[in-house]
Amino acid sequence: MSSKEVQVGIAGMGYSVPDQVIDNHYFTRFVETSDEWIVQRTGIKERRWLEPGEKPSDLFTAAAKMALEKSQVAAEDVDLIIVCTVSGDHQGTPASACIVQDNLGAKKAAAFDLQAACAGFLYGLQVGSQFLKSGTYQNVLVIGGECLSRMSDIYDRNSVIIFGDGAGAALLQPHDVCKQGLIEDITIGADGSGAQFITRPRGGGLERLTPEILSEGTHLIRMQGREVYRFAVSRMTSLMKWAMEGQDPEELSLVVPHQVNRRILETATEKLGFPEEKVFINIDRYGNTSAGSVPIAMCEAIEADLFEKDKLVVIAAFGSGLTWGAARIRW
Ligand code: UT7
């Protein structure tokens with residue numbers, strides 16, 4: 001182990017979304033809603049959903065492959081794979097990270113899943129960074145992705161319209177090696193007193209899954225949208241404020257927030273005085289992809305050449321748990 005503090009960088013990123021596009025009109029077949037309501041209240045115009053037979057691990061693997069290609073690192077050199085998800089291929093076991101490890105042929109990599117819902121990617125960056133800082137590993141793959149379409153209740157208009165499927169990935173390396181994407185500071189946190197706000201109430205370890213639970217649909221996501229909304233505005237504001245505390249606003253290249261709801265993002269960023277063009281939003285096309293949201297948006301921002309070299313990128317997310325996280329990255 002080196003005595004010098006290892007700084008962590010993002011060597012390369014990748015993402016993957018399903019081909020199937022679900023527009024807002026689709027939901028009118030199942031619940032009383034409209035394209036107008038959904039666009040106005042959330043900013044979402046369409047989202048991507050996996051088709052029957054496609055797997056969440058397909059998305060995680062495709063995102064990881066792209067991140068490795070961008071980093072020019074071979075799968076055999078990956079030391080650790082962390083898949084941040086609450087909607088992997090299997091309930092609990094086996095971890096999707098193990099399936100991804102096999103798909104990639106990353107034979108020497110340890111692999112585990114991490115559950116922090118929409119803040120998952122931030123948690124993954126923080127946890128993955130520790131293995132680099134300690135000198136244990138050199139190449140850590142952090143994948144954030146979800147397939148919440150399969151855990152949503154098509155008859156619950158409060159929640160089903162929000163979620164999209166997708167995944168993003170980042171390869172972390174010592175900054176000395178990759179010389180880009182320096183993670184200058186990162187924070188994660190939780191408040192379990194809000195656990196009931198977004199939950200799959202039944203069908204977990206509390207009891208055996210019964211036909212009654214299945215017919216009620218209480219094994220699917222239930223969300224108290226208003227409570228989450230209130231929490232979201234104040235938490236997103238404080239996270240972004242934390243990330244830019246003491247920094248020159250001129251140094252800010254882009255804010256890439258969790259794509260939760262256009263109104264939440266506009267309120268939070270307006271409060272902080274961030275100009276509109278400094279806030280990346282793609283919720284109109286993908287909806288809320290939970291742990292996939294921030295890395296997918298980062299990839300699209302990179303493709304659009306929106307990260308200025310040596311300037312700051314702020315990422316922030318919050319989600320079920322309640323959990324949250326933010327990071328300041330010097331690109
Ligand atoms: O990643 C973290 C996870 N989730 C979130 O961050 C979600 C945060 N919350 C939100 O984005 C918003 O609260 C929602 C988009 C979920 C809901 O928007 P809202 O403006 O907060 O609506 P509301 O829940 O206060 O409901 C207003 C009305 C209600 O009708 P009544 O009781 O006033 O008659 C709802 O039943 O809108 C109704 N409503 C709908 N109407 C048409 C709720 N969902 C729909 C819908 N279509 N899909």
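Buried means under 20% relative accessible area, exposed means over 50%, and partly exposed covers what lies in between. Keep these cut-offs at hand for the exercises below, and remember that the model is predicted.

**Exercise 1. Decide whether Lys-179 and Gln-72 are buried or exposed, then look at their backbone angles.**

Step 1. Lys-179 has 57% relative accessibility, so this residue counts as exposed. Gln-72 stands at 75%, so Gln-72 counts as exposed too.

Step 2. Now find their places. Lys-179 sits in the loop between α5 (175-178) and β8. Gln-72 belongs to the loop between α2 (56-71) and β4.

Step 3. Check phi. For Lys-179 the angle is positive, about 55 degrees, although the residue is not a glycine. Gln-72 is likewise a residue other than glycine with a positive phi, near 55 degrees.

**Exercise 2. Classify Gln-224 as buried, partly exposed or exposed.**

Step 1. Locate Gln-224: the loop between β10 (222-223) and α7 holds this residue.

Step 2. The relative accessible area of Gln-224 is 34%, so the residue is partly exposed.

Step 3. For a sense of distance, take Tyr-15. Gln-224 and Tyr-15 are 209 residues apart in sequence, and their C-alpha atoms are 29 Å apart in space.

**Exercise 3. Describe the surroundings of Arg-47 and Arg-328, starting from whether each is buried or exposed.**

Step 1. Arg-47 is found in strand β3 (residues 46-48). With a relative accessible area of 0%, Arg-47 is buried.

Step 2. Look for partners of the Arg-47 side chain. A polar contact of 2.8 Å links it to the side chain of Asn-24. The side chain of Arg-47 also reaches the backbone oxygen of Ile-161, at 2.7 Å.

Step 3. Compare sequence with space: Arg-47 and Ile-22 are 25 residues apart along the chain, while 5.4 Å separates their C-alpha atoms.

Step 4. Turn to Arg-328, in strand β13 (residues 323-330). Its relative accessible area is 9%, so Arg-328 is buried. At 2.9 Å, the side chain of Arg-328 reaches the backbone oxygen of Ala-243.

**Exercise 4. Work out how many disulfides there are, and what can be said about Cys-147 and Cys-178.**

Step 1. Recall the idea: a disulfide is a covalent bond between the sulfur atoms of two cysteines. The cut-off to apply is a pair of cysteine sulfur atoms within 2.5 Å.

Step 2. By this rule, the count is zero disulfides. Cys-147, for example, takes part in none, and the nearest cysteine sulfur, that of Cys-118, is 14 Å away.

Step 3. For Cys-178, the closest cysteine sulfur is in Cys-299, and because 15 Å separates the two, they are too far for a bond.

Step 4. Add the accessibility. Cys-147 is buried at 1% relative accessible area, and Cys-178 also counts as buried, at 17%.

**Exercise 5. Build a picture of the shell around the ligand: which residues come nearest, and which helices contribute?**

Step 1. There are 23 residues around the ligand, and Thr-33, Arg-41, Val-260, Asn-261 and Asn-288 come nearest.

Step 2. Sort the shell by class: 11 residues are nonpolar, seven are polar and five are charged.

Step 3. Look at the helices. α1 (35-42), α7 (225-244) and α8 (262-272) each supply at least two residues of the shell. The most come from α7, which gives four.

Step 4. Consider the domains. Domain 1 (8-180) and domain 2 (183-330) each provide at least three residues of the shell.

Step 5. Now pick out atom pairs. An oxygen atom of the ligand lies 2.8 Å from an N or O atom in the side chain of Arg-263. An oxygen atom of the ligand is 3.2 Å from a polar backbone atom of Gly-225. A nitrogen atom of the ligand is 3.5 Å from an N or O atom in the Trp-37 side chain.

Step 6. Finish with area: alone, the ligand exposes 940 Å², and the protein buries 77% of that.

**Exercise 6. Find where the cis peptide bonds at Pro-94 and Leu-322 lie.**

Step 1. Thr-93 and Pro-94 are joined by a cis peptide bond with omega about 0 degrees. Pro-94 is in the loop between β4 (80-84) and α3 (96-104).

Step 2. From Gly-321 to Leu-322 the peptide bond is cis, with omega near -10 degrees. Leu-322 belongs to the loop between β12 (312-319) and β13.

Definitions and conventions. Residues numbered from 1 in each chain as written. Predicted model: local features only at pLDDT ≥ 70, side-chain atom pairs only at ≥ 80, totals over all residues. Heavy atoms only, no water. Near = heavy atom within 4 Å. Polar contact = N/O pair within 3.5 Å; in protein donor to acceptor, adjacent residues only side chain to side chain. Areas by Shrake-Rupley, 256 points an atom, 1.4 Å probe, with all protein chains shown as cover. Nonpolar A, V, L, I, M, F, W, Y, C, P; charged D, E, K, R; others polar. Domains from an automatic or database assignment. Buried < 20%, exposed > 50% of the residue type's maximum accessible area, 1.4 Å probe, protein only.
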